[in-house]
Amino acid sequence: MFDLLDHYRVNELHVRDDAASGLKAFIAIHNTRFGPALGGCRFISYDSTDDALLDAVRLARGMSYKAVLSGVPQGGGKSVIMKPHGQFDSEAIFRCFGRFVEDLGGRYITAIDSGTTAREMDWINKETRHVTSTSSEDNPAIYTARGVFEGLKAAVRYKLGNEHLQGIRVAVQGIGNVGYQLCQLLHEAGASLLVSDINQDALKRAQADFSAQVVDPDNIYDAECEVFSPCGLGSIINDETLQRLRCAIVAGSANNQLKHHQHGQWLHDEGILYAPDYVINAGGLVYASLHHLGKPQQLIEDKTKRIAHTLSEIFKQSEQKGLATSVMADQLAEQRLYQKLSEAA
Ligand code: NAD
């Protein structure tokens, strides 16, 4: 366990096992240098405790990188609740989890993640105020979409030299919460949309609202376009799909787009500009953090727009140093997280 924590440079791991409610949870706090750790709470079935622990630790590091590059005063953390088999009382589990968060005294702030919704956050909120994404707040997806839109424009400007999206073909995979909002912004900017989803209603809506061309989910990788925008699944850049991409840019909201680290290098070698996922999809975190801190809406908008600036810097440095943008983003995040205070001044 300590090897794992050392490997991911996770500073704290908290465990709760509550027989009465059935809660079995980890909270991993990666780094609090720039503020309390903020990150979602996963509620999914795990094959083993080790798998759950690995998920918490890995994702906590990702949140630190995302927070430090988006410039919010937050550290990185993540929690996982192991979904019980058989019958369980959801409210009891999440209220117990809320007390667990409360016991950490604000060092960790929780949020929605896979398997949780505003309903679960509301239960947590009955026990602690260290929670975001409750039903009284905006859906963070709109902020995520705005950030992706700004980042996508920065990528088009950098790679293709276009100041506008007029006539740019964007293939969006997944027209859910983020994907739909992104399509709306792209449509308004004059982009031409290709869309794929396994949900027929989502496709019909995109077709009707944005005159989008529907592509079969299996064929979206082969679509001729300027930008491929993954907004559904993870691991979609892999050995199989990489050969098929017909785009100049990959820029979308999905988490963990690269199946393995080396796929970032391969995109770089193929001359495809990749906007690192945790940089371009940070808009939701920006909203959750700054809204929680009571900051003005204008600051949320400004920081979301700054995602474009951060990405442009990553693109530039990646080109100068001959490194993949995914590697460049990690290096930049680590530099900021671990540089000595004297150097930061
Ligand atoms: P969502 O569940 O609302 O949308 C996902 C969409 O992908 C759904 O419409 C689903 O039908 C579709 N999909 C599933 N399998 C597919 C397939 N094989 N081919 C094409 N489409 C498929 O999720 P969301 O909130 O819109 O998030 C989308 C992605 O962005 C996820 O990876 C999420 O982790 C990431 N993300 C979301 C946020 C946010 O604020 N919601 C923030 C950061 C990252």
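This report describes the overall build of a predicted protein model and then turns to one of its residues, Glu-226.

**The whole protein**

The protein holds 14 helices and eleven strands. For 345 residues, a compact globule would be expected to have a radius of gyration near 20 Å, and since the protein has 20 Å, the value agrees with that expectation. Along its principal axes, the C-alpha trace spans about 55 × 50 × 40 Å. When the contacts with a separation of 6 or more are considered, residues 24 or more positions apart account for 65% of them.

The table gathers some values for the protein as a whole.

| Property of the protein | Value |
|---|---|
| Share of the 345 residues that are buried | 53% |
| Exposed area | about 15,400 Å² |
| Share of the exposed area supplied by carbon and sulfur atoms | 46% |

As for charge, the protein carries 34 positive and 42 negative charges, and the mean positions of these two groups are 5 Å apart.

**A look at Glu-226**

Where along the chain is the place of Glu-226? Glu-226 sits in a loop, namely the one that runs between strand β8, residues 213-214, and strand β9, residues 227-230. Is Glu-226 buried or exposed? Because its relative accessible area is 18%, and buried means under 20%, Glu-226 counts as buried.

If its neighbours within four places in sequence are left aside, Glu-226 is in contact with Leu-160, Gly-167, Ile-168 and Arg-169, and also with Cys-247, Ala-248 and Ile-249.

Terms used: Residues numbered from 1 in each chain as written. Predicted model: local features only at pLDDT ≥ 70, side-chain atom pairs only at ≥ 80, totals over all residues. Heavy atoms only, no water. Helix = DSSP H or I, 4+ residues; strand = E, 2+ residues; numbered from the N terminus. Buried < 20%, exposed > 50% of the residue type's maximum accessible area, 1.4 Å probe, protein only. Contact = heavy atoms within 4.5 Å. Rg over C-alpha atoms; globule rule 2.2 N^0.38 Å. Areas by Shrake-Rupley, 256 points an atom, 1.4 Å probe, with all protein chains shown as cover. Lys, Arg positive; Asp, Glu negative; His and termini not counted. Charge placed at Lys NZ, Arg CZ, Asp CG, Glu CD.
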